[in-house]
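Good morning, colleagues. Please take a moment with the sequence and the model on the screen before I go through the points I have selected.

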Amino acid sequence: QLRAQGPWHCIIHAAGLLHGPHGMPEKRLSQLNYAQMEATFRTNTFGPALVLAHFAPLLPKQGRGVLAVLSAKVGSIGDNRLGGWYSYRASKAALNMLVKTASIEVARTHPQAVLVALHPGTVNSVLSAPFNGAEIGRPAADAAGDMLRVLDGLPAEETGSFYAYSGDKLPW
Ligand SMILES: NC(=O)c1ccc[n+]([C@@H]2O[C@H](COP(=O)([O-])OP(=O)(O)OC[C@H]3O[C@@H](n4cnc5c(N)ncnc54)[C@H](OP(=O)(O)O)[C@@H]3O)[C@@H](O)[C@H]2O)c1
């Protein structure tokens with residue numbers, strides 16, 4: 001249905017899961033369990049992977065188009081200093097790899113496409129609520145505005161990158 005209305009110039013995948021019925025993020029290896037890992041990867045990795053598969057072909061073949069997924073800085077392997085949050089970190093690191101890999105393929109048919117993983121910063125939301133999100137998080141509208149500004153400034157050469165809302169490039 002959406003293909004008929006395309007091409008689409010800005011596609012953003014914003015779903016994500018940190019905690020839920022399967023529990024809070026793991027602090028220790030001993031807390032790892034299959035149900036929580038599966039639920040986290042289904043939402044943070046497998047879902048966005050299928051969004052990439054189905055929506056990247058809807059980007060313009062000629063001219064600029066952006067496909068962004070909301071990742072998280074804690075998914076950075078290079079930046080991991082605190083440990084913990086095993087499922088969430090790993091699911092976002094895997095998501096970042098999917099974005100990078102897809103960017104290489106999509107560039108062959110959509111040379112001006114920008115596929116990017118974005119870190120929104122700490123945002124006041126259901127996801128951050130158990131971690132003082134209401135106190136330390138920014139309003140969602142502020143985070144969205146910042147991320148849209150970053151997207152607006154990214155050239156095609158930056159496809160397959162990982163950026164924070166501030167415009168800083170993040171390590172994988
Ligand atoms: N908030 C932060 O501080 C923060 C920091 C770093 C990264 N992020 C990332 O930013 C993104 C947005 O987070 P948020 O703060 O907006 O979280 P949120 O308030 O918990 O919203 C998450 C959204 O994802 C949807 N969702 C969850 N599981 C889904 C599934 N299996 N299928 C379809 N939709 C699903 C939820 O839908 P329902 O409402 O229907 O459940 C909800 O609309 C996430 O990827 C998150 O990892 C957030």
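Trp85 sits in the loop between β2 and α3. This is a predicted model, and in it Trp85 has a positive phi, near 50°, although the residue is not a glycine. Its side of the story on accessibility is intermediate: Trp85 has a relative accessible area of 25% and therefore counts as partly exposed. A second non-glycine residue with positive phi is Asn132, where the angle is near 60°. Asn132 belongs to the loop between β3 and α4, and with 48% relative accessibility it is likewise partly exposed.

One further backbone feature deserves mention. The peptide bond joining Gly6 and Pro7 is cis, with omega at about 0°. Pro7 lies in the loop between α1, residues 2-5, and β1.

I turn now to the strands, beginning with β1, residues 10-13. Its side chains alternate: Ile11 and His13 point to one face and are buried, whereas Cys10 and Ile12 point to the other face and are not. In general, side chains in a regular strand alternate between the two faces of the sheet. β1 pairs with β2, residues 65-70, in the parallel sense over 4 bridges, and within this pairing His13 stands opposite Val69. Between these two strands the chain passes through helix α2, residues 34-55, and the resulting β-α-β crossover is right-handed.

The next pairing is that of β2 with β3, again parallel, over 6 bridges. Here Val66 has Val114 of β3 as its bridge partner. Together with α3, these two strands make a right-handed β-α-β unit. On its other pairing, β3 is joined by 4 bridges to β4, residues 161-164, and the two run parallel; Ala117 is partnered there by Phe162 of β4.

How many residues of β3 are buried? The count is 7 of 7. The covering applies to both faces: Ala113, Leu115, Ala117 and His119 are buried on one side, and Val114, Val116 and Leu118 are buried on the other.

β3 also brings us to the largest pocket, which has a volume of about 970 Å³. Of the 39 residues lining this pocket, those closest to its centre are Tyr88, His119, Pro120, Gly121 and Leu127. The elements contributing two or more residues to the lining are α3, β3 and α5. Which of the elements gives the most? That is α5, with 6 residues.

Next, consider Ser128, in the loop between β3 and α4. Is this residue buried or exposed? Ser128 has 8% relative accessibility, so it counts as buried. Its side chain reaches the backbone oxygen of Val123 at 2.5 Å. In addition, a polar atom of the Ser128 side chain lies 3.2 Å from the backbone nitrogen of Ser125. Leaving aside residues up to four places away in sequence, Ser128 touches Val123 and Gly133.

I close with Tyr34, which is found in helix α2. At 65% relative accessibility, Tyr34 counts as exposed, because the cut-off for that class is over 50%. Tyr34 and Ala164 are 130 residues apart in sequence, and their C-alpha atoms are 30 Å apart in space.

Key:
Residues are numbered from 1 along each chain as its sequence is written. This is a predicted model: local features need pLDDT of at least 70, side-chain atom pairs count only at pLDDT 80 or more; totals for chains, interfaces and linings use all residues. Side-chain values use heavy atoms; hydrogens and water are left out. Buried means under 20% relative accessible area, exposed over 50%, partly exposed in between (1.4 Å probe, protein chains only). Two strands pair if DSSP finds at least two bridges between them. A crossover is right-handed if, with the strands pointing away from the viewer, the path from the first strand over the helix to the second runs clockwise. A polar contact is a pair of N or O atoms within 3.5 Å; within protein, one must be able to donate a hydrogen and the other to accept it, and residues adjacent in sequence count only if both atoms are side-chain atoms. Contact means heavy atoms within 4.5 Å. On a 1 Å grid over the protein atoms alone, a cavity is a set of points where a 1.4 Å probe fits but cannot get out, and a pocket is an open set with protein on both sides within 12 Å along at least five of seven lines; lining residues have an atom within 4 Å of a point. Grid points are joined across faces, edges and corners, and a volume is the space filled by probe spheres set on the points.
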